[in-house]
Amino acid sequence: MTTNINQIVYSKKYVSLTRNELIEAVQSQISSKRFQHVLGVEQAAVQLAERYGVSIEKASIAALTHDYAKERSDKEMRELISHEKLDLEWLDYGSNIWHGPLGALLVERELGISNLDILNAIKHHTVGAEKMSLLEQVIYVADYIEPGRDFPGVEQVRTLAADDLQAAVGYETKQTLYYLIEKNRRIYPKTIATYNKWVANP
Ligand code: GDP
Ligand code: FE
Ligand code: FE
């Protein structure tokens with residue numbers, strides 16, 4: 001079975017908007033390039049959701065909203081972090097790390113989405129987590145393998161994802177760490193916690 005994503009009809013259980021209205025709300029937040037990425041993530045996520053028995057509606061909503069906060073200004077995000085007494089450590093890592101957790105917060109506030117599984121999928125989509133539901137794994141992997149992505153290791157993750165979602169999570173985590181180390185980038189501790197659980201777990 002292959003769902004045509006344009007035929008997905010939302011039940012209103014998770015968001016009061018229709019899928020088209022949600023798409024418009026997301027489109028208004030990000031550049032057209034990132035918007036194309038988001039549509040690719042939805043396509044990949046819905047495919048994985050079908051394969052692994054995850055709700056297609058939740059996968060579609062989480063995928064469409066996962067990068068909702070990615071283009072908010074540093075100023076707004078810094079203010080939000082201090083006003084809401086959030087993790088000050090995020091300030092040391094920048095938007096790549098905070099757009100997930102702050103995205104979950106803004107999606108809840110501005111779009112009225114309160115389902116915890118969806119919010120956790122948004123929150124954890126960049127660095128993963130030691131414990132991830134199937135939906136969280138689907139979004140984490142879909143973000144990496146969507147059709148517009150082209151980087152070393154992406155084909156291997158695509159192949160693994162068709163068969164073994166957990167193996168895909170592990171392989172992706174390892175590739176991300178290789179990449180960050182190669183670029184001398186700071187590793188956020190939760191990225192290492194994800195590696196220890198999904199890759200190095202005996
Ligand atoms: P995108 O939002 O669709 O571009 O993808 P992601 O949200 O998955 O990742 C955003 C960026 O964060 C990517 O360039 C990742 O390589 C980077 N990233 C992931 N983990 C870490 C980390 O631990 N530290 C740093 N500095 N960057 C990270
Ligand atoms: Fe992201
Ligand atoms: Fe993304």
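## Polar contacts of ligand 1

In this predicted model, a nitrogen atom of ligand 1 lies 2.7 Å from a backbone N or O atom of Arg186. Two side chains also reach the ligand through polar atoms. An N or O atom in the side chain of Lys70 is 2.8 Å from an oxygen atom of ligand 1, and for the side chain of Asp67 the distance from such an atom to a ligand oxygen is 3.1 Å.

How much of ligand 1 does the protein bury? Taken alone, the ligand exposes 590 Å², and the protein buries 85% of that.

## The shell around the ligand

Let's step back to the surroundings. Ligand 1 has 20 residues around it, and those that come nearest are Lys70, Thr126, Arg149, Arg186 and Thr191. Sorted by class, this shell holds 7 charged, 7 polar and 6 nonpolar residues.

Which helices each supply at least two residues of the shell? They are helix H2 (32–52), helix H5 (95–111) and helix H9 (165–182). As for the site itself, ligand 1 sits in the largest pocket.

## The protein as a whole

Now for the fold that holds this pocket. The protein has 10 helices and 0 strands, so reading from the N terminus gives the run α-α-α-α-α-α-α-α-α-α.

Along the principal axes, the C-alpha atoms fill a box of roughly 45 × 40 × 30 Å. The radius of gyration is 16 Å, which agrees with a compact globule, because a globule of 202 residues would have a value near 17 Å.

How values were computed:
Residues are numbered from 1 along each chain as its sequence is written. Chains are lettered from A and ligands numbered from 1 in the order in which they are written. This is a predicted model: local features need pLDDT of at least 70, side-chain atom pairs count only at pLDDT 80 or more; totals for chains, interfaces and linings use all residues. Side-chain values use heavy atoms; hydrogens and water are left out. A residue is near a molecule or strand if one of its heavy atoms lies within 4 Å of it. A polar contact is a pair of N or O atoms within 3.5 Å; within protein, one must be able to donate a hydrogen and the other to accept it, and residues adjacent in sequence count only if both atoms are side-chain atoms. Accessible areas come from the Shrake-Rupley method with a 1.4 Å probe; for residues, only the protein chains shown count as cover. On a 1 Å grid over the protein atoms alone, a cavity is a set of points where a 1.4 Å probe fits but cannot get out, and a pocket is an open set with protein on both sides within 12 Å along at least five of seven lines; lining residues have an atom within 4 Å of a point. A molecule sits in a cavity or pocket if more than half of its atoms lie within 2 Å of its grid points. Helices (H or I, at least four residues) and strands (E, at least two) are DSSP runs, numbered from the N terminus. Ala, Val, Leu, Ile, Met, Phe, Trp, Tyr, Cys and Pro count as nonpolar, Asp, Glu, Lys and Arg as charged, and the others, Gly among them, as polar. The radius of gyration is taken over C-alpha atoms; the globule rule is 2.2 Å times the number of residues to the power 0.38.
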